[in-house]
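Q: Please take a close look at the salt bridges in this model. I would like to know which side chains pair, how buried or exposed they are, and how the pairs sit among the strands.

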Amino acid sequence: MAELVPRREDEGREMTLRDAIDRLFEESIVRPWASLTGMGRGMSVDVYDQDDHIMVEATLPGVKPEDVDIRVEGNMLTIKAEKKQEKDISEDRYTYRERSYGMMQRSLILPSAVKAEGAEAKMENGELKLSLPKAEEARARRIQVKAAS
């Protein structure tokens with residue numbers, strides 16, 4: 001069972017049973033659902049095959065291209081991104097604070113081997129588009145069938 005650690009706004013006061021139930025509900029139902037739908041601190045991706053390339057598209061709203069780090073090791077792709085908060089506003093000034101900031105990372109196994117040195121990445125309107133050329137050994141080959149003589 002998860003340990004209920006007081007949040008910053010709860011410091012200095014005793015946690016009631018109601019507070020504990022609210023926290024338990026939020027952490028077990030609300031947050032996991034947000035990450036499943038691509039909201040929260042997660043990163044939604046689409047991966048698809050395009051003949052001689054593997055295409056990866058990731059949604060990174062509010063992230064600048066210079067704050068994205070993409071690495072390929074073997075057939076493992078890792079995308080790290082940081083959404084930085086531009087304004088310096090103290091916590092006690094917020095009425096609502098639902099947008100998330102900070103690091104997010106997604107690692108996934110690619111469906112085939114790729115040549116990382118030929119990869120191209122573009123970012124437009126919070127959408128990362130990554131084109132990874134397939135390695136020669138991963139490309140489909142047509143084999144000619146000859147009639148027996």
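A: The answer starts with the chain as a whole, then takes the pairs one by one together with the strands around them.

The model is a predicted one, in which local features need pLDDT of at least 70 and side-chain atom pairs count only at pLDDT 80 or more, while totals for chains, interfaces and linings use all residues. Residues are numbered from 1 along each chain as its sequence is written, and side-chain values use heavy atoms, with hydrogens and water left out.

The protein chain has one helix and seven strands (DSSP runs numbered from the N terminus, H or I of at least four residues for helices and E of at least two for strands). Read along the sequence, these elements give the pattern α-β-β-β-β-β-β-β. Of the 149 residues in the protein chain, 24% are buried, where buried means under 20% relative accessible area, exposed means over 50%, and partly exposed lies in between, with a 1.4 Å probe and protein chains only.

Side chains of opposite charge can pair when their charged atoms come close. A search of the whole structure finds three salt bridges, each defined as a side-chain nitrogen of Lys or Arg within 4 Å of a carboxyl oxygen of Asp or Glu.

One of them joins Asp49 and Lys134, with an N to O distance of 2.4 Å. Asp49 belongs to strand 1 (residues 45-50) and Lys134 to the segment after strand 7 (127-133), so this pair ties together parts that are 85 residues apart in sequence. Asp49 is partly exposed at 49% relative accessibility, whereas Lys134 is buried, with a relative accessible area of 7%. Strands 1 and 7 both take part in an open sheet of four strands, which has the order 1-2-7-6 and antiparallel pairing (two strands pair if DSSP finds at least two bridges between them). Strand 1 and strand 6 (120-124) stand at the edges with a single partner strand each, so one side of each is left without a neighbour in the sheet. Within this sheet, strand 2 and strand 7 run antiparallel and are joined by seven bridges, and Met55 stands opposite Ser131 in strand 7.

Another salt bridge brings together Lys84 and Asp67, at 3.3 Å from N to O. Here both partners come from loops: Lys84 lies between strand 4 (76-83) and strand 5 (102-109), and Asp67 between strand 2 (53-59) and strand 3 (68-73), so the pair ties together parts that are 17 residues apart in sequence. Lys84 is partly exposed at 41% relative accessibility, while Asp67 is buried, with a relative accessible area of 17%.

The side chains of Asp69 and Arg71 also meet in a salt bridge, with 2.8 Å from N to O. In this pair Asp69 is partly exposed, at 28% relative accessibility, and Arg71 is likewise partly exposed, at 48%. Asp69 stands opposite Lys80 in strand 4, and strand 3 pairs with strand 4 in the antiparallel sense over six bridges. The hairpin of strand 3 and strand 4 has two residues between the strands, and Gly74 takes a positive phi near 65° there. Strand 4 in turn pairs with strand 5, again in the antiparallel sense, over eight bridges, and Thr78 stands opposite Ser107 in strand 5.
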